[in-house]
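Let's take a walk through this protein together, one region at a time. Have the structure open as you read along.

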Amino acid sequence: MLEFTEGPYTERKTLFVEVILPLAIAKNYTYRVPFELNNIIAIGKRVVVQFGKSKLYTAIVSAITENPPEKYEAKYLLEILDDRPVVTPKQLQFWKWLGEYYMCNDGEVMNAALPSALKLASETKIGLNKEFEYDKAMLHDKEFLIVEALEIQPELTISDIAKLLSQKKVMPILKALFEKNIINISEEVSDGYKPRRRTFLTLNPAYQAQDSLKDLFAILEKRAPKQADAVLAYIKLARHQKTISKNELIEESGAGASSINSLIEKEVFVAEEKNVSRLFFEEEDLDANFELSTQQQEAFAAIKQQFEQKDVILLHGVTSSGKTQIYIRLIEQMIAQGKQVLYLLPEIALTTHVIERLRQYFGASIGVYHSRFNDNERVEVWQKVLNNEYKVVLGARSSVFLPFAGLGLIIVDEEHETSYKQFDPAPRYNARDAAIFLANMHQGKVLLGSATPSFETYFNARTHKYGFAELTERYGGIEMPIIEVVSIAEETKKKTIQSHFTSVLMADIETALANKEQVILFQNRRGYAPVLLCKICAYTPKCINCDVSLTYHKHTGKLHCHYCGYKEDTPSICPACGSTHLEYRGFGTEKIEDELSLLLPAARIARMDLDTTRSRNSLQNILNDLEEKKIDILVGTQMVAKGLDFAGVTVIGVISADSLLKFPDYRANERSYQMLAQVSGRAGRRGKQGKVVIQTYDPAHRVIKQVIDNNYAELYFTEMEERKAFHYPPFYRIINLDIKHKNPEILHNQATYLGNQLRSHFGEERVVGPQVPLVSRIRNYYIQSIMLKFEKDGVSINKVKATIRDVITQFQTTKLSKGSIVQPDVDPY
């Protein structure tokens, strides 16, 4: 196997490349390199290859060899797309580990890792056959339309023709034209990434002398006053900036584009087109002159000391304890050493919020990477990281795939968050765990930060696998918020509850508003009402594709499925019994916002959930409005619980804690504590002590008491006893298998067969199921799950995974597997 960064082969050696295709295939394919490309082929470059009869794909070169494949004849690769590799050897090593650990294929990892603009799409092009004569009178109407269009535009895609004919099925018509020899059909690859181009202007040197400039003004003021304004505006801008774009000059001068174009034609301005970045960060004065508190200094010193012995450290700090300031000091040290830093955050909401804070210290040298960026922006960040232009990258979980050169530190903030786990599609990775492997590859360090660490991380810290540092008090001596638990049942009985708001919560909200303070209300369910119910026959509308009830959304007036996106109109008459007695049950953030506006008409209320933050800038606008106190009350789902820091928020209301506490999952108590503690931590972060009101039907619940006492340790030790007894993490590893099929009876047979096969290898105790999950059908696929539990000590997890793969492969060779999908999920916590 040959590995090099640029091909040294100038002689006519026969070379073959193993490539990663963006497909879920079990093995990587091998292609032959044309002799003329020998000297430029390299690992990590993108190449265009044919796979199947006619499809073209972009693939990544993963290995170069002189040995041809044994079982098939290698096709030639068609083209090399890059001057230099876009994927590094370390990335390929990382992809390989992800595929093996999370039991998926290299192509699935590639699909998740590469921005879609770097993955070219095979696009069918249609053109006229100019060497063939034909009679238009012999064509049908739709054939005639296509030919007429192709005479105007030489090439059309299939989608263009579908739009032209206003129909989806156009292949039969194209097939007929092709058989008549009238058109050519070819597969051409279109590149997704296009750099942004801007026109920049400079004043012709002939007019830079004072006298010649005066003469120019004298002529322009008489004949073309708008052009004179443009020249004057250019001189004004040139005093403050080195480069002036055409758009900037148009805006500054008020002259139209035609005036600027005329000046270019007269050679007053010299125009030059350049590639410009889509990633604009306003330069700010850098301010790193903050002082760490005594406890922060102790934690900072402990982290530095332990990094000499440990690769991973947990920083356990209560909410608002100043963890970010410690992160900043560590980042400064890494930059001073010439190393890169990856700062991971679980949510885009946090990313947009934290970037504003970090830019105060690191300016434009910090890059941002998350799914809200469009494809071209993501490619630009990719290239800047590849070129080592960014020293710090702040991003969501997909940031682990960036092409880092010398990664010295990864900070995983809010490390307990489930958002770090990718659930669909494969690879179903956890970015926190992947970050630890990635840092190890670069010989870097990892700092995990949280006020409520995951039990797995806390267990590793207690058993000294990880280092440990702690912050037990809030920064600046601010007190932890007062937490009051209110019984919904008691207030309902006394008739003091208004809608979904207890008298205690309403009084605290009104007091906060009177004091010009802000309020956050947390309800972990979006939409208006989760259930529409017939009072006569108990009929509830359900999704046609999934086994869930539809949620009513008032802003659309429709019933929505939160699993597949299906929508339908809200019925006014029960489809089952014809009754008109339909009522909404339950409540989501939309209903909270609606009813609160009736109770407090003067309050400025906003909502932050998936529905209100879909567009690119909507989330940032909400956060900016909250920061600038244009919002009095923010109603939100778990998005409001994740690390937001606003000075004006003094009251937090948890509308219903029961939906968290009563969830049927072994992690329910851990997740409930984390959510309640995190959302409580948003109150009173600066100056005044905050107040938290938790509404519940079960005020005596153990977890609520532990949240009030801020007693994470008691929660941990209690839960650990149960987890050890029932064979759950962190004492055991879990691998889930989801088996899916459109027929529930066939699915039952398939799942039973797989379960029996796994038991024959691993024994009865390690295999749980198959069983039907809470949601048993999604997108018309019925689901059954098998849970596999393995001891951490004395069991080779790599051998376990190899056996599971063999069982799945053997199952897929049987007739029984027809129509089935088997999805492994490693560490599904």
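Which elements do the buried residues of α17 pack against? They pack against β20 (518-522), α18 (589-599), β27 (633-636), β28 (649-654) and β29 (691-696). Before we look closer, a word on what you are seeing. This is a predicted model, in which local features need pLDDT of at least 70 and side-chain atom pairs count only at pLDDT 80 or more, while totals for chains, interfaces and linings use all residues. Residues are numbered from 1 along each chain as its sequence is written, and side-chain values use heavy atoms, with hydrogens and water left out.

Here is the overall picture. The protein's secondary structure comes to 25 helices and 34 strands; helices (H or I, at least four residues) and strands (E, at least two) are DSSP runs, numbered from the N terminus. Of its 829 residues, 53% count as buried, where buried means under 20% relative accessible area, exposed means over 50%, and partly exposed lies in between (1.4 Å probe, protein chains only). Among contacts with a separation of 6 or more, 75% come from residues 24 or more positions apart; a contact means heavy atoms within 4.5 Å.

Now back to α17. This helix has 12 residues (503-514), which at 1.5 Å a residue should span 16 Å, and its end C-alpha atoms are indeed 16 Å apart. The expected span is 1.5 Å times one less than the number of residues. Its buried residues are Leu505, Met506, Asp508, Ile509 and Ala512. They cover an arc of only 165° around the axis, which puts them on the same side of α17; the arc is that of the directions from the helix axis to the C-beta atoms.

After α17 comes Lys516, in the loop between α17 and β20. Lys516 has a positive phi of about 60° although it is not a glycine. Is Lys516 buried or exposed? At 68% relative accessibility, Lys516 counts as exposed. Met103 also has a positive phi without being a glycine, at about 55°. You will find Met103 in the loop between α1 (89-101) and α2 (106-113). Met103 is buried, with a relative accessible area of 9%.

Next, turn to a pair of helices. Two packed helices are described by the angle between their axes and the distance between the axes. Helix α6 (residues 210-223) packs with helix α7 (residues 225-238) at an angle of about 145°, and their axes are 6 Å apart. Axes are lines fitted to C-alpha atoms, for helices over the stretch in contact, and angles run from 0 to 180 degrees between N-to-C directions. On the α6 side, the contact is made by Leu213, Leu216, Phe217, Leu220, Glu221 and Arg223. From α7 come Pro225, Gln227, Ala228, Val231, Leu232 and Ile235. By class, this contact has 9 nonpolar, 1 polar and 2 charged residues (Ala, Val, Leu, Ile, Met, Phe, Trp, Tyr, Cys and Pro count as nonpolar, Asp, Glu, Lys and Arg as charged, and the others, Gly among them, as polar).

Strands deserve a visit too. Strands of a sheet pair through backbone hydrogen bonds, either parallel or antiparallel. One open sheet has 3 strands in the order β22-β23-β24, with antiparallel pairing; two strands pair if DSSP finds at least two bridges between them. Its edge strands, β22 (551-553) and β24 (567-569), each pair on one side only. The twist averages 35° from one strand to the next. Strand β23 (residues 558-560) is joined to β24 by 3 bridges, and Leu559 has Glu568 as its bridge partner in β24.

Two cis peptide bonds are worth finding. One runs from Asp424 to Pro425, with omega near -10°, and Pro425 lies in the loop between β16 (407-413) and α14 (431-441). Another runs from Pro729 to Pro730, with omega near 10°. Pro730 sits in the loop between α23 (712-725) and β30 (732-741).

From there, follow β30 to β34: 6 bridges join these antiparallel strands, and Asp738 has Gln823 as its bridge partner in β34. Because 5 of the 6 residues of β34 (residues 821-826) are buried, this strand is largely enclosed by the rest of the structure. Finally, look at Gln750 in helix α24 (residues 744-762). Gln750 is buried, with a relative accessible area of 0%. Not counting residues up to four places away in sequence, Gln750 touches Ile739, Lys740, His741, Phe811, Leu816, Ser817, Lys818 and Ser820.
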